[in-house]
Structure formats: C-alpha cells, structure tokens
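Here are some short exercises on charged side chains and how they pair up. Have a go at each one before reading its solution.

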Amino acid sequence: MPSYNTGAYIQEAIESVLDQDYPNIELIIVDDGSTDETIDLLKSYGDRITLITQENQGAAAARNAGMAAAAGEYIAFLDSDDIWLPGKLSLQIQHLERHPNISMVYARWQVWKPDTEGRFPAALSYISTPTMGQPASIVPDRSGWLYNRLLFSSLLHTITVVFRRTLIDTIGLFDTTLKRGQDYDYWIRASRVTEIHQLDRILALYRVHGRGCIHKWPHENYERIVVEKALARWGLKGPNQEYTAPADIKKRLADISFDFGYHHYWAGDPQLALRSFAYSATRRPGRPATWRYLLLSAFKTVKHRHLSL
C-alpha cells in the first residue's frame with residue numbers, strides 16, 4: 001500500500017485489509033514522503049503493519065519498495081484511499097491455487113463517491129461477500145492471453161490485482177520512469193508470459209474524491225508511451241499468436257493523442273494540444289475533428305506567442 005498525504009482515508013483502507021478472512025496477511029505500507037498526519041496514524045498500528053518510509057518518489061517506486069520487502073507467495077495492491085471488500089483475497093488466492101498455470105488474477109471494482117458522512121451508497125448494497133469453497137466465474141472477454149486486448153485498454157485495476165511472487169522474477173518491477181501508466185505497462189509485460197483472469201465479482205471500491213490523480217492530466221501522454229513501448233518490444237502478435245491489424249493500432253494511437261490534445265486544448269495549453277493533434281492526424285487523417293482542433297490549436301498558439309511579445 002503506497003501512501004502519500006491520505007490521512008483522511010488511510011485508516012479505512014488499512015482496516016479493509018486487516019479485516020480480510022485470508023489468514024496470512026503481511027500488510028506493507030510504503031509512505032512516500034507524507035507531510036500530513038499519515039505517519040502518526042500508521043505508527044498507531046504498531047506491529048500489525050510493516051511501515052517503510054521514503055522521500056517522495058511516486059507510486060511506482062513505493063510499490064517496488066513494498067514488493068522488495070514482501071515475504072509472501074502472493075502480491076496484492078491497495079491504494080491508501082480505496083477499499084477491499086470482505087473475502088477478496090480468499091477468493092482470488094483460491095482461484096490461483098485452483099489454476100496453477102495462471103500467475104495473475106484481477107476482479108471487477110465499483111467506483112465509490114462517499115456521501116458527506118463517508119457512508120457506502122445504497123446502490124452498493126447488492127455486493128455480496130464471497131464465500132470460500134464457492135469459486136467465482138471469470139469474465140471470458142477480459143480473461144486469457146490479454147496482450148492484444150491490452151494494447152487497446154488497461155483493463156486491470158491495480159487495487160483488484162493479485163499475482164504470484166514468481167512473476168516478479170520474470171518481468172521485474174514497475175518502471176519508475178513512467179510517472180503515470182506504470183501499472184498499465186506492468187500488466188502488458190505480464191500478459192506476455194501468463195494468461196490473466198478477471199473474476200466476475202466486485203471485490204474493491206475505488207474512491208472518487210477531489211485529491212485523486214484522476215483530476216490531473218500530465219504533460220506527457222503516458223498512455224501512448226506505454227502502448228508504443230510495447231509495440232516496439234513485441235509488435236502486433238501476442239504470445240498466443242493472436243494478431244492485431246496495423247490499421248486498428250493506428251486508430252488507437254490517433255485516438256489516445258486526440259483525447260490528450262482535446263483536454264490540453266480546453267485546459268489552456270494550445271501548444272501541447274497542437275503537437276498531439278498533429279500526431280493524431282498522421283495516424284488517422286480522415287477524422288475531421290482532428291484537423292479542426294489542429295487549426296484551432298495552431299491559431300491559439302500563434303495568438304499566445306504574439307501577446308507574449
């Protein structure tokens with residue numbers, strides 16, 4: 001569990017781990033340079049958790065430190081403002097033990113925006129607690145050899161993933177040069193060496209609040225970087241010989257760049273938007289909206305330069 005200034009939420013996250021019915025849990029929390037009350041809250045748990053502190057280096061470095069310190073056979077992640085539902089670990093580890101050829105499993109999740117008192121919304125009352133001995137079915141179109149499908153979407157949510165520790169020996173740690181998308185990159189790397197299964201159960205809650213990174217767009221298009229990195233290394237053919245058409249990948253890269261440019265255009269960075277729309281146009285020249293926003297971005301860029309003289 002990486003933590004950074006989440007003192008308002010981290011106790012709920014910790015309790016959701018410690019309350020799991022799986023008997024052998026080692027909870028390692030890597031604090032990434034918090035300046036709020038997080039450290040004091042963590043110290044109050046004593047030896048119920050393992051606390052590692054480091055200067056602020058980002059979530060990838062924090063997760064790497066946690067994995068390096070972990071002693072267990074299985075690795076799982078939870079962000080310090082999110083929640084695991086009861087029975088999560090038991091169900092997923094049971095699945096891995098019943099399928100020794102599978103090294104990674106994930107699950108469905110629910111976006112959760114607490115009310116003003118932090119309570120679960122009534123809409124989540126249908127979520128039932130998993131029971132040991134009753135295995136969950138998998139989601140067929142989001143399970144198997146996922147490399148080719150991951151080229152088009154990240155699919156996995158980090159807070160739902162459990163994988164065998166031996167996978168680290170094969171694919172290594174998270175790429176700390178990626179400030180975003182380190183998890184997406186990791187799932188793609190895993191998909192080259194193992195099938196990945198999604199259980200058809202909601203097992204975690206992803207909290208939406210004003211402090212989350214979901215509201216902050218970076219100045220680098222990390223999603224495109226991750227996809228291009230995978231293509232440069234492995235190409236269009238998956239380990240199961242599935243093949244992705246070049247035209248589909250061009251559209252994917254164009255769409256990633258369009259979305260990135262669109263956000264930055266309306267966020268007031270027309271120069272960055274211009275570069276993104278230019279890239280998108282070279283991959284998908286038949287999309288009129290791309291050329292329209294490219295021209296608008298060019299006009300705004302020239303106007304801003306003129307006003308700054």
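**Exercise 1.** Work out how aspartate 185 and arginine 189 are placed relative to each other in helix H7.

*Solution.* Start with the spacing: in this predicted model, aspartate 185 and arginine 189 are four residues apart in helix H7, so about one helical turn separates them. Next, check the contact: the two form a salt bridge, with the closest N and O atoms 2.9 Å apart. Finally, look at the surroundings: both aspartate 185 and arginine 189 are buried.

**Exercise 2.** Find which parts of the chain are linked by the salt bridge between lysine 229 and aspartate 175, and say whether each residue is buried or partly exposed.

*Solution.* First, the distance: the closest N and O atoms of this pair are 2.8 Å apart. Then the locations: lysine 229 sits in helix H8 (residues 222-234), while aspartate 175 is in the loop between helix H6 (166-171) and helix H7 (182-191), 54 residues apart. Lysine 229, at 32% relative accessibility, is partly exposed. Aspartate 175 has 17%, and because buried means under 20%, it counts as buried. As a last step, put both exercises together: Asp175, Asp185, Arg189 and Lys229 are linked in a network of salt bridges.

**Exercise 3.** Explain why the pair of glutamate 12 and arginine 207 ties together parts far apart in sequence.

*Solution.* Begin with the contact, a salt bridge at 2.5 Å, N to O. Glutamate 12 lies in helix H1 (residues 10-18) and arginine 207 in strand E8 (residues 196-207), so the bridged parts are 195 residues apart in sequence. Glutamate 12 is partly exposed at 33% relative accessibility, whereas arginine 207 is buried at 7%.

Conventions:
Residues numbered from 1 in each chain as written. Predicted model: local features only at pLDDT ≥ 70, side-chain atom pairs only at ≥ 80, totals over all residues. Heavy atoms only, no water. Salt bridge = Lys/Arg side-chain N within 4 Å of Asp/Glu carboxyl O. Helix = DSSP H or I, 4+ residues; strand = E, 2+ residues; numbered from the N terminus. Buried < 20%, exposed > 50% of the residue type's maximum accessible area, 1.4 Å probe, protein only.
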